[in-house]
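Reader: I would like to go through this structure with you and ask how each label is earned. Could you show it to me?

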Protein chains: 2
Amino acid sequence: MARRLSLSGREGSTSRPAAKPSAGLREAPADTITSRDNKWLKMFRTALRGTGPTAGESLGVEGPKLIEEAVRSGLEAEALLVSESGEAELSRILRAASESDSGVPRSRILRTTDKLFASVAGTEAPQGIAALFRAREWEFDDLLRGRAARDGGYRSEAALVAVMAGVQDPGNVGTVVRSAEAFGATGVVATRGTADPWSPKALRASAGSALRLPVVRGMAIPVLLAQLRVMGIRVIAAVSRAPDNAKLEPPDLRGKLALFIGSEGGGLPAEVLRAADAILAIPMRAEVESLNAGVAASVLLYEIANERRAKA
Amino acid sequence: MARRLSLSGREGSTSRPAAKPSAGLREAPADTITSRDNKWLKMFRTALRGTGPTAGESLGVEGPKLIEEAVRSGLEAEALLVSESGEAELSRILRAASESDSGVPRSRILRTTDKLFASVAGTEAPQGIAALFRAREWEFDDLLRGRAARDGGYRSEAALVAVMAGVQDPGNVGTVVRSAEAFGATGVVATRGTADPWSPKALRASAGSALRLPVVRGMAIPVLLAQLRVMGIRVIAAVSRAPDNAKLEPPDLRGKLALFIGSEGGGLPAEVLRAADAILAIPMRAEVESLNAGVAASVLLYEIANERRAKA
């Protein structure tokens, strides 16, 4: 913890005056990164332009709002990269860090030029601030009990796990995670072959929810189905159209359940449909073949939340 | 009509043998466009890379599936551009054209190279086929009665108009239009300052719904509000969080109504909130600031459809 001191007050600010990161430095200070080959820049480029961190890699987060969400959610920052134009946002982030349990190590606040920043950023109009965070390691059990509340207790609702099985578009994946948190899901699974909820695009589309909600990535479907069975969690399969032989009675949506959402083009794999305890379809006009995958998942999560509230 | 003859049979195919457009031409035929400066290529480039057609401009549609939807919806094709790799899709589209009222003028099936096609396409992985269609001109009244059914009759449901007031992202706009059609909306309005539902990105995100559902673009909000009032249509404003002084009773969602959806960042303008007969918010967890705009609109349209069905 010694190296993780909060810059904007509280900790350590009496014995040592706090730096003034937002003092509006016009000239690049001596420690500004000016080489494209700098190892930090390379790490940021990989994290901000990749498809999500592999085991041991850092989670790349771009933009002041999302970084603030990450800090507030208690993620540990490994480095912060700030360009001239991002300097103004730094103080806000350091303030958030000082208010949370996490800190930002002073030695890991790196400066660079706007031009070099743009060369590592993953967005078209970069805001001049990015961070690398140590990725959380969620266990399967975390998915079922939700995130620990501030007082250390867990939410008391029955488990509701949103499972994405083959969702390809990172924007859709992020949207599902955002809606999952909004509608009280306790966790999210992205099976093998699904876009990574921690990829930069999905993170942005999740508006930060992927930084808070327990997320398990890359699980194989048979393993997941077996685990759910062992834990007594019912499997609900979302489909575009109810098949003719579908049980017509709407399933009971209270109790522990996992909602499976399939890929944009192909829906759910047969193994999931076979294993499902119930099938859910959203009634809609015949002219429309299907809904957007993020929308379909969101409507079903909304419906589940509704039913749980009504019958609670 | 003389110049709009269907190529794959029915009209004119007895007196003149049908061309074989899908005969798998390997070499570029003599009429292949090979110049970047060709006026048709320029028109396609504008239509496929723009932000939506202005008055009098053609509607650009890319990809076999979406072109087929356009043809089936009865839109009149002005030109079809096919590259070597798109040739295989052509017959399917001409078949759809022969089955619909619209045709594809033979003289307006233009060929070009894959390379030149890529230079006008709006997608990263172009599928080698694109079309320009004459844009439909929808009147305000069309929004209220929905699209004419195949037998010429109109749908009998009460008007349900989805109004996007400042939605910026074309993907979100397309998603709203898709869900609007799925949940039985009779029409869609994109007010001035909203991304164009007929822009290439929104068209794709709508999965063709923007080609079928009555769409009015670029209306000024005060004009729209006045029209709705004159027609006796209630205004429902969607907000992220119910304000403290909101009428707590959920509004009656049957009857003629217009659902207003605001911008991703700023929500609805004050003039809409002032004019609204009721305010709708989706209950959600406090941690989540808001839902994706496309998702929020979809959930509310779903809820409206639900209520109408339940109480019909």
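Reader: How many residues does each chain bring to the contact?

Author: Chain A gives 31 residues and chain B gives 31 residues. Please keep in mind that this is a predicted model. Together the two chains bury about 2600 Å², with 54% of that on carbon and sulfur atoms. On the side of chain A, the three residues A:Arg178, A:Arg285 and A:Tyr302 supply 23% of the area buried against chain B, more than any other three residues.

Reader: What makes A:Lys65 and B:Glu289 a salt bridge?

Author: The rule asks for a side-chain nitrogen of Lys or Arg within 4 Å of a carboxyl oxygen of Asp or Glu. For A:Lys65 and B:Glu289 the closest N and O atoms are 3.3 Å apart, so the pair meets the cut-off of 4 Å. This pair crosses between chains, running from the loop between strand E11 and helix H11 of chain B to helix H2 of chain A.

Reader: Why is B:Glu289 called exposed, and what is A:Lys65 called?

Author: Exposed means over 50% relative accessible area, and B:Glu289 has 54%, so the word applies. A:Lys65 has 45% relative accessibility and counts as partly exposed, because that class lies between 20% and 50%.

Reader: Which partner does A:Glu289 have in a salt bridge, and how do you know that the pair joins two chains?

Author: The partner of A:Glu289 is B:Lys65, with the closest N and O atoms 3.3 Å apart. A:Glu289 sits in the loop between strand E11 and H11 of chain A, while B:Lys65 belongs to helix H2 of chain B, so two chains are joined. A:Glu289 is exposed at 55%, and B:Lys65 is partly exposed at 45%. Between chain A and chain B the count is 2 salt bridges.

Reader: What else is found across this interface?

Author: There are 10 residue pairs in polar contact between chain A and chain B. Helices H6, H8 and H11 of chain A each supply at least two residues of the side that touches chain B. The largest share, 8 residues, comes from H11(A). By kind, the residues on this side of chain A divide into 10 nonpolar, 9 polar and 12 charged.

Reader: Why are A:Glu181 and A:Arg212 called buried?

Author: Buried means under 20% relative accessible area. A:Glu181 has 2% and A:Arg212 has 8%, so each is buried by that cut-off. They form a salt bridge with the closest N and O atoms 2.9 Å apart. A:Glu181 lies in helix H6 of chain A and A:Arg212 in helix H8 of chain A, so the pair ties together parts that are 31 residues apart in sequence.

Reader: What makes A:Lys65, A:Glu69, A:Glu181, A:Arg212 and B:Glu289 one network?

Author: Salt bridges that share partners join these five residues. Over all chains, the whole structure holds 28 salt bridges.

Reader: How do you know that strands E3 and E4 of chain B pair?

Author: Pairing needs at least two bridges, and E3(B) and E4(B) have 4 bridges in the parallel sense, so they pair. Strand E1 of chain B and E4(B) are also parallel, with 2 bridges, so they meet the minimum of two. B:Arg111 in E4(B) stands opposite B:Val82 and also opposite B:Thr32. B:Ile109 and B:Arg111 point one way from E4(B), B:Leu110 and B:Thr112 point the other way, and all are buried.

Technical notes: Residues are numbered from 1 along each chain as its sequence is written. Chains are lettered from A and ligands numbered from 1 in the order in which they are written. This is a predicted model: local features need pLDDT of at least 70, side-chain atom pairs count only at pLDDT 80 or more; totals for chains, interfaces and linings use all residues. Side-chain values use heavy atoms; hydrogens and water are left out. Buried means under 20% relative accessible area, exposed over 50%, partly exposed in between (1.4 Å probe, protein chains only). Contact means heavy atoms within 4.5 Å. Buried area is the accessible area (1.4 Å probe) that two parts lose on being put together, summed over both. A polar contact is a pair of N or O atoms within 3.5 Å; within protein, one must be able to donate a hydrogen and the other to accept it, and residues adjacent in sequence count only if both atoms are side-chain atoms. Ala, Val, Leu, Ile, Met, Phe, Trp, Tyr, Cys and Pro count as nonpolar, Asp, Glu, Lys and Arg as charged, and the others, Gly among them, as polar.
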